[in-house]
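Please examine the structure shown below alongside its sequence. The paragraphs that follow lead through its strands, its domains, its ligand shell and a few individual residues.

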Amino acid sequence: MNRKDFIKQSSLVGLSALILPNSVFSGTLFKKEVHIGLIGVGLRGQSHLDTLLRRSDVRVVAMADPNDRMVEMALDLFDKHQKPKPKVYQDGEEDYQNLLAQKDIDAVIIATPWEWHHRQATQAMRAGKITGLEVCGAMNLEECWDYVKVYQETKVPIFMMENVCYRRDIMAVMHMVRKGKFGQLVHGEGGYQHDLRPVLFNDGEHPYGHGVKFGKEAFSEAQWRTLHHIKRNGELYPTHGLGPVATMMNVNRGNRILYLTSMSNRPVGLRDYLDKTATSTPPQVRFKQGDYVQTMLKCENGETILLTLNTTLQRPYNLGFKLHGTDGIWQEFGSGGFAQGHLYFEREMEYSDQWENAEEYLSKYDHPYWKKEEQKATGAGHGGMDYFLLNDFVECIKTNTEFPFDVYDLATWYAVTPLSEQSLKMGSAPQEMPDFTNGKYKERKPVFGFENYSM
Ligand SMILES: NC(=O)c1ccc[n+]([C@@H]2O[C@H](COP(=O)([O-])OP(=O)(O)OC[C@H]3O[C@@H](n4cnc5c(N)ncnc54)[C@H](O)[C@@H]3O)[C@@H](O)[C@H]2O)c1
């Protein structure tokens, strides 16, 4: 049955409070046009904006960002798409609160530095704005509980905007998992393995990869993300790897993560980069964040998950996905195309003991959602997956349907960060993952990635 085959009538009063659990899908067109406010229009916010401005069912009516250069770049996109300009809040870091008070906004997307996520997202929910929150990990565990508490108090939905769950090969593997091709899942891997050195030292002037500035004088993520590498050591970016694997393993929907343990190496990559790249005296700074942080998670149903964070050494991009079940194994290689992974299903492959290129299988199991919307996704960020992410955000709001990744997923995925930091401080000691659902994970049903999953 299609998600939209279940119909429930709703009134237009109190939109956010009426969002239906996705076990009771709504097919009713509840709202024709969604009015969105963007909080943070840096490089990621602009990418969302570029995708949203292509849609006829969205109006971006406001944006808040204290950075004039980013605001100018974002306003240019309105010209490019010939759309009416939004109200702009750029009078300092607190001006987003005036955006939250703007009455005609249904939903906000928050794409700001990590340290702002908790404050802005919980304030947005309290202001009655349906919230899409960009990826990262929490600053501390209390924040994770607070997302849940604010949701339970306000009933305003929050969407964990994990775009990698929508990557085409990942959705094809997801499709195979839902069809039972892998048998019983045993182990999964993923992570974020991406050379971010040019991002962390981007001065916005030199060609990409030649700047050495960070902090207030720098550009985009170099203004703030680098500081996390100076002050922290942990799995700081867990959701790209964990989101897809946790969804395949039904975490928070029949399964849950029990505990984790992390290990990291000594940090050398960023210091080495600065010493080799700087043309004059390099910035004198020491880093705490290990070049490799690996985190093992144990699930209640017995599966293990390995996350690898590796962003400070030279390397090509690869998220390192692996999924191993009793009937099959998939190993991703490269940056996500169908042709780049390998698979093995012993019975179908007549016990050949040879890997097969994943292309044929992944094409065969290409998810119907991708096939249906492929044209519309052309040109959207990260090979099209960002179209699907935003499509779910908008369509869930329009049809009053619960988001596929909700506050409990957000709290769990974000919690990996403070727990891994704590584990590293304690010599890799295991850290318990709280059950943010308070036992409801036993009844909550998986929804994402089934044959008929489509918004
Ligand atoms: N899912 C993905 O593929 C992906 C890719 C890139 C970034 N991200 C995430 O998106 C978020 C933003 O990253 P980015 O690359 O756009 O960084 P960025 O530095 O380019 O943009 C952040 C913007 O937030 C603004 N900002 C800072 N404080 C603010 C405040 N108080 N109110 C409003 N705006 C404020 C900054 O001025 C800046 O323009 C981060 O969580 C990052 O991890 C996700």
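In this predicted model, H187 stands opposite H324 of strand β11. The pair belongs to a junction in which strand β7 (residues 185-193) and strand β11 (residues 322-325) run antiparallel, joined by four bridges. Strand β7 also pairs with strand β10 (residues 304-310), here in the parallel sense and over seven bridges. Within that pairing, Q193 has N310 of β10 as its bridge partner. In general, the strands of a sheet pair through backbone hydrogen bonds, in either a parallel or an antiparallel arrangement.

These pairings are part of a wider arrangement. Nine strands make up an open sheet with mixed pairing, and their order is β14-β13-β12-β11-β7-β10-β9-β8-β15. Which strands stand at the edges? They are β14 (356-357) and β15; each has a single partner strand, and therefore one side of each lacks a neighbour in the sheet. The partner of β14 is strand β13 (residues 342-344), and the two pair in the antiparallel sense over two bridges. In this pairing L343 is matched with E356 of β14 as its bridge partner.

A further set of pairings centres on strand β1 (residues 34-39). Is this strand enclosed or open to its surroundings? Five of its six residues are buried, so the rest of the structure largely encloses β1. The strand pairs with strand β2 (residues 58-64) in the parallel sense, over six bridges, and the bridge partner of I39 in β2 is A64. Between the two strands the chain passes through helix α1 (residues 43-52), giving a β-α-β crossover that is right-handed. Strand β1 also runs parallel to strand β4 (residues 107-110), to which four bridges join it. There, G37 has V108 of β4 as its bridge partner.

Helix α1 leads on to the ligand. The ligand is surrounded by 27 residues, of which G40, G42, R44, N67 and S220 are the closest. Both α1 and α4 (114-126) supply at least two residues of this shell, and the largest share, three residues, comes from α1. Sorted by class, the shell holds 13 nonpolar, nine polar and five charged residues. At least three of its residues come from each of domain 1 (3-162) and domain 2 (165-367 + 406-442).

The chain as a whole is divided into these two domains, domain 1 (3-162) and domain 2 (165-367 + 406-442). Their centres, taken over C-alpha atoms, are separated by 25 Å. The contact between them takes 19 residues from domain 1 and 24 residues from domain 2. On the side of domain 1 that touches domain 2, the elements giving two or more residues are α5 (141-154) and β6 (158-160). The largest share of that side, five residues, comes from α5. By class, that side of domain 1 comprises 15 nonpolar, three polar and one charged residues.

Helix α5 contains Y147. How many other C-beta atoms lie within 10 Å of Y147? There are 26, and Y147 is therefore buried. Leaving aside residues up to four places away in sequence, Y147 touches A121, T122, I158, V407, L410 and A411. By contrast, the C-alpha atoms of Y147 and M63 are separated by 23 Å, these two residues being 84 residues apart along the chain.

Two loop residues deserve attention for their backbone geometry. Most residues other than glycine have a negative phi. N252 is not a glycine, yet it has a positive phi of about 70 degrees. The residue is found in the loop between α9 (239-248) and β8 (257-264). Is N252 buried or exposed? N252 counts as buried because it has 25 C-beta neighbours inside 10 Å. The other case is S428, a residue other than glycine whose phi is likewise positive, near 70 degrees. S428 lies in the loop between α14 (407-425) and β15 (431-432). With 17 C-beta neighbours inside 10 Å, S428 counts as partly exposed, whereas N252 counts as buried.

Conventions: Residues are numbered from 1 along each chain as its sequence is written. This is a predicted model: local features need pLDDT of at least 70, side-chain atom pairs count only at pLDDT 80 or more; totals for chains, interfaces and linings use all residues. A residue is buried if 20 or more other C-beta atoms lie within 10 Å of its own, exposed if 12 or fewer, and partly exposed in between; C-beta atoms are placed from the backbone. Two strands pair if DSSP finds at least two bridges between them. A crossover is right-handed if, with the strands pointing away from the viewer, the path from the first strand over the helix to the second runs clockwise. A residue is near a molecule or strand if its C-beta atom, placed from the backbone, lies within 6 Å of it. Ala, Val, Leu, Ile, Met, Phe, Trp, Tyr, Cys and Pro count as nonpolar, Asp, Glu, Lys and Arg as charged, and the others, Gly among them, as polar. Domain bounds come from an automatic or database domain assignment. Two residues are in contact if their C-beta atoms, placed from the backbone, lie within 7 Å.
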